Each structure stands twice: as C-alpha cells, then as structure tokens.
Amino acid sequence: MFSASWADIRKSCETSPSIAATIDGEIVVHIEGVSFAYPGQGGGISTTEWILEDVSLDVYRDDFLGIIGPNGGGKTTLLKIILGLLEPEKGCVTVFGRPPREVRHQIGYVPQHARIDASVAATVLDIVLAGRIAHARWGFRYRRKDREVAREALRMTGMIQMADRRIGTLSGGQRQRVLIARALASEPKLLLLDEPTAGIDPYVEQNLTDLLHQLNETLPIVVVSHDIGFVSTHLKRVACLNRRLTVHRVSEITQATMTNFYREQVQMVRHLACCPLGDPGCQHGCQSSTEVTSREGVGD
Amino acid sequence: MIDFFRDWSENPFLWNGLWAGLLAGLACGITGPYVITKRIVFLAGAIAHIAVGGIGGALWLAHAFPQYFGSVHPIHGATIVAVISAIVIGLVNEHWAERSDTIIGALWAIGMAVGVLLIKFTPGYQGELMSYLFGNLAFVSQRQLQWIAFLDAVIILVTLLFHKQFLAVCLDQEQARLQGIPVTMINLLLLTVVALTVICLTSVVGLILVIALLSLPAATVARFVSSMLAMLIGSTILSCLLTTVPRIAVYGTPVNPESAIVITAATLYLASLFLRRRAL
C-alpha cells in the first residue's frame, strides 16, 4: 500500500530546486506535494479519504512556525510525517536534508499528552535523562556528561529546583516544562510541540511563550495548536492546515492581534476561508483573509 | 521459628529452601519495578501459566524418550517455554495490540491445558504439577537451586547492561522510539527477563502466587520513594526479606510458607496504602 520507498522519495526530492537550500541548512524541514491517507477499512484509498492533500511547507533555520487547523484537519498526521512515524503516499519530506526516519533522534518532540504515568516512582531528573537515551551506551548509569546536559535542560526550563521531585507531584504547567526539558536534553536541532497550551492557564502560558521565544534564538520551533490566539500572537508564521495547507506571515495580522492581546486576555483569529473538511470544490485551501474577533471576560 | 535454626544444620533442604527464597527475592526485586512501571503484570501472569506447558513437555519427553531427554529437569522445560512465550507475547502485543488481550488470554489457557495433559500422560508425576502451581520450598533440589542461581546471574547481568533502555521504554515508549531506541528488541529483552524471573519465583511460591511477588513488593516501595533507583534498591531488599523471613517464621507450624510469604507481602502493601496517601 505504501509502495514509495525512502529511496524513491529522496529521488523525487532531488529534482526539486529547493533541495539545495535544504543541504545548505537554511531549510530544516522540506515538505513538497505531500498527500496522505490512512489505509481504509476495505484496504483501498479513494480520493475523498485524504487527510493531507498536496501539502508543501518549508521550515527555516530561525523559524517559529505555528500550525493551526480544526480537529481532523491533519495537524497530528503532518507532525507524524515530519517525525518519520508515517510515510506519505505522495510527495517528499526531508528533515535536515535526510529522510525523517534517519534523523528523527535530532528532533526534540514534546507530545500533547505526556504518556508518563503520574503514579510512576520516577523523579523529574529520571524523566529528563530518558531524553538522553539516544546518546547513552549500555551500562547501569548515565554518564556524567549526560547528567550535566539533563541538568542544563532543567535549568533552561526553570525546573532545576524540581529535579529530585517525583513527577506525579508536579502541576500541568510544570510537567509541560519537564517534557520540554526532556526534548532539549536530546540536544535537538528542531523542536516540535504538539498543543503545548492545552490545559494551561494564561499566566503559565505566558511563561511558556517566553521560554519558547528564548529557545527560538538558537532553535527552529514548530508548534501545533488549535489555540489560534496563542499561535497568531506569538509566532512568526502561521500555517493553516485543513487537508490543504497555506502559510501566512504573522505580520499580516500582527498589528490588530497584538493590540487586542494587550487589551484583553483572550482573543481569536478566525481564518474565514478555511476549507470545510472534505469540500471538493475548494482548490486553494485557506486564504489569507483574516478576521480578528475578541471574547471578553474569559481570563482570570 | 527456633526449630528452624535448630534443624537447618542437619537438613540440607532447609538451606536450599532459604537460598532459593533469597535468589527468587533478588530476581523479583529487580524485575518488579519495571513490571509495575510498564504495567505488564498481566503479561507476566500469562508467561507463568504458559510455562506449565514446558513442565509437562519436559516430564513427558523424559518419560517417553529417556535415552535423549532422561536428564531434562522440568525447570529447564519451563524456562525454555517461558522465554519462547515471552517473545511471542511481546510480538503479539506489538503487532496486534487491539487483539492482544484475546490472543494472550488464549495462549495462557492453551499452555496450561497442554501442560496438564502432558503431565497426565506421564505416570507418577502428578505431584510435580502441584509443586509448580503452589510452590515447594521444603524440597528445593540442588539442581533446581543451581538453575535458579544461573537465571539470577543472567537477570542481573542483563539489567545492569540495559537498565537505561528498559527504563526509557517503561517511562515513555513513544519517546524512546523517536530517540532511535530499538523499542521492539528492548521490549522483548525485558519480557525475557520477566520470564526468567517468573521461573525463579515459581519454585518458591508457585505460579499462582507469582503475580503477587512480582508486583506487591515493588508497588509497596513505590509509595515511599521518588526515584527509579530507590525503587530498585528498596524492592530488592523488601523482596529478599519477604521470601525468607515469613518462611523462617512459620517453620514448624502448620502454615505453609508460600502462603505466609504472599499474605505478608499483601499485608505490607495494604498497610502502605493507609500509611502514605499517594496515587497509585
């Protein structure tokens, strides 16, 4: 079913003119003409089942990109393709100029739901050290260098004083930071975050944003979120994904949005022309027209 | 209890039983933390029951083909079948995750049924099944003891080498996979270690009580410690105490030592629930 091998995909990428930039390192993620469909129950794939259709996206070295879109719009699927967990049916994907599978240990991935059981007898440091596993040899203990990197990651995320705390005793926002620290401990060249603001209050969200901005000075960051306000107020570029994908410069909407952000605590930017799921008549995905609306009295 | 110390210089079986208990405690103390962190107690139970097939197989082969298999001890058959079943169960869990409980449940029953059938066809060995089901600390043979010591050495060696990888797949398997760890291989290796532990334990408390000793000491310790290392050390100490002290305490009384061990373990765990309020 997924007949295209990585060799084929790489071959198709080599014909693309932007591959040169990929090799230069300016482009860290190169996605070109990617279509993806989950295998149907009957085994066949019809055109109406596409989760992603002809998606093209480049992530640059200094990027701070948000990917927004409705549930079922393909956000998580696109993330999994970048991580090499899924292989696209059509099109090509390279990360650092290589097939994702080969380089995914260089991607720091912060999942939406920590699959870490709260009842587990593991300290914050235990969790963050697990992020070093790709660098670890066999043996009982992590080496001194691994411990130092893990501690440094905790320092960067402001969680160093929690290093010996049991993971289950932390709050949601603190746990989010631990997961970011775990991702940083792997010394990634790209940071992917899946819904980092889910279930986090505005104050913690602001801290998180500051942290991400700080990290963005050295790392390209991609944030997947359905929190449109978060994405459009803090990030450099926004990609609207609903089966098809369109990228907006945030500068197009920044002025109005920022003003609204400081006046009220919550606001939403609605992309009017987002294609409804499965709309066969729509050819152009999301258009760039935006409308800024605000909701009052949601904060606190 | 005093009887135990009076008798043990004369009775080598008491020595063997004590050593077997200590070695089994060591094995489950080390493996238990991974088992409860990864929540695979059910898989350990399946391995223990499927291994009955190995007991039956070894007994029957030794009876039917004494020239080839005359020297095979049931514990060897159980070990081989337990390791094979660990690998099969690991692969089923990986590739047919949505059907895994059905398939593993079926294997559980089949292994047990085949074992019981084969023992039935082997005259004079009905007692062997009972000692495997309920343990037999009073008659641990020298050969059995050597085998348990060998399994312990393997368990300790593998754990020392792969502790970090085991921990990574126990804490967050997906993250470990993204980091490029061969998660399937590590899972199979961990299940193999669990299978060896199960064999160590069955000779002490019997397979029916294996699950209790694999989970209760580690779960008890987990309520009082924060780190994985502390849990490993604590559960090893507690398990070694549990597999020896109650056995000595009830010596000379009609209470059978296997039950005493498990009831003590369960009591300690229940007490820990009241002593310290922590989510588990």
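1. Let me start with a small spot in chain A. A:D54 comes out as partly exposed, because 15 C-beta neighbours sit inside 10 Å. A:D54 belongs to strand 2 (residues 52-60) of chain A. What caught my eye is the backbone: phi of A:D54 is positive, about 50°, although A:D54 is not a glycine. Bear in mind throughout that this is a predicted model, so I'd take a second look at that residue on screen.

2. A:F96 is another one to look at. Here too a residue other than glycine has a positive phi, with a value near 50°. Where does A:F96 lie? In the loop between strand 4 (90-95) and helix 4 (100-103) of chain A. A:F96 has 19 other C-beta atoms within 10 Å, so it is partly exposed; the cut-off for buried is 20 or more.

3. A:S225, also in chain A, sits in a loop, the one between strand 7 (221-224) and helix 9 (228-234). Is A:S225 buried or exposed? Buried, because 23 other C-beta atoms fall within 10 Å. Its C-alpha is 25 Å from that of A:P39, and the two residues are 186 apart in sequence.

4. Now chain A as a whole. The chain has 10 helices and 11 strands. Of its 300 residues, 45% count as buried. If you take the contacts in chain A with a separation of 6 or more, 69% of them are between residues 24 or more positions apart.

5. What about the secondary structure of chain B? You'll find 14 helices and 0 strands there, so to speak α from one end of the pattern to the other: α-α-α-α-α-α-α-α-α-α-α-α-α-α. The radius of gyration of chain B is 19 Å, close to the 19 Å from the globule rule for 280 residues, so chain B is as compact as a globular protein of that length. The C-alpha trace of chain B spans about 55 × 45 × 30 Å along its principal axes.

6. On packing in chain B: 52% of the 280 residues are buried. Among contacts between residues at least 6 apart in sequence, 77% join residues at least 24 apart.

7. The largest nonpolar core has 165 residues, and the members that touch the most others are A:V128, B:A44, B:I47, B:A51, B:V198, B:L201 and B:L213. Which helix gives the most to this core? Helix 11 (residues 183-205) of chain B, with 15 residues. As general background, nonpolar side chains tend to be buried together in soluble globular proteins.

8. B:V198 is a good residue to click on. Leaving aside neighbours within four places in sequence, B:V198 is in contact with B:A44, B:I47, B:A48, B:A51, B:A82 and B:V210. Among these partners, B:A44, B:I47 and B:A51 are also on the list of core members that touch the most others.

9. Helix 11 of chain B deserves a point of its own. Of its 23 residues, 20 are buried, so the helix is largely enclosed by the rest of the structure. From first C-alpha to last, helix 11 of chain B reaches 32 Å, close to the 33 Å expected at 1.5 Å a residue. Just after this helix comes B:G206, with a positive phi of about 90°.

10. Helix 13 (residues 228-249) of chain B is worth a glance as well. Its 22 residues should span 32 Å at 1.5 Å a residue, and the end C-alpha atoms are 31 Å apart, which agrees. Helix 13 of chain B does bend, by about 25° at B:L242, and a proline, B:P246, follows within four residues.

11. B:Q126 is a contrast to the core. B:Q126 lies in helix 8 (residues 126-134) of chain B, and counts as exposed because there are 10 C-beta neighbours inside 10 Å. Its C-alpha is 9.2 Å from that of B:V116, a residue 10 places away along the chain.

12. Last, the contact between the chains. It takes 27 residues from chain A and 26 residues from chain B. Helix 5 (residues 124-130) of chain A gives the largest share of the side of chain A that touches chain B, with 3 residues. That side of chain A has 15 nonpolar, 6 polar and 6 charged residues.

Terms used: Residues are numbered from 1 along each chain as its sequence is written. Chains are lettered from A and ligands numbered from 1 in the order in which they are written. This is a predicted model: local features need pLDDT of at least 70, side-chain atom pairs count only at pLDDT 80 or more; totals for chains, interfaces and linings use all residues. A nonpolar core is a set of buried Ala, Val, Leu, Ile, Met, Phe, Trp, Tyr and Cys residues joined through C-beta atoms within 7 Å. A residue is buried if 20 or more other C-beta atoms lie within 10 Å of its own, exposed if 12 or fewer, and partly exposed in between; C-beta atoms are placed from the backbone. Helices (H or I, at least four residues) and strands (E, at least two) are DSSP runs, numbered from the N terminus. Two residues are in contact if their C-beta atoms, placed from the backbone, lie within 7 Å. The expected span of a helix is 1.5 Å times one less than its number of residues. The bend at a residue is the angle between axes fitted to the seven residues ending there and the seven starting there. The radius of gyration is taken over C-alpha atoms; the globule rule is 2.2 Å times the number of residues to the power 0.38. Ala, Val, Leu, Ile, Met, Phe, Trp, Tyr, Cys and Pro count as nonpolar, Asp, Glu, Lys and Arg as charged, and the others, Gly among them, as polar.
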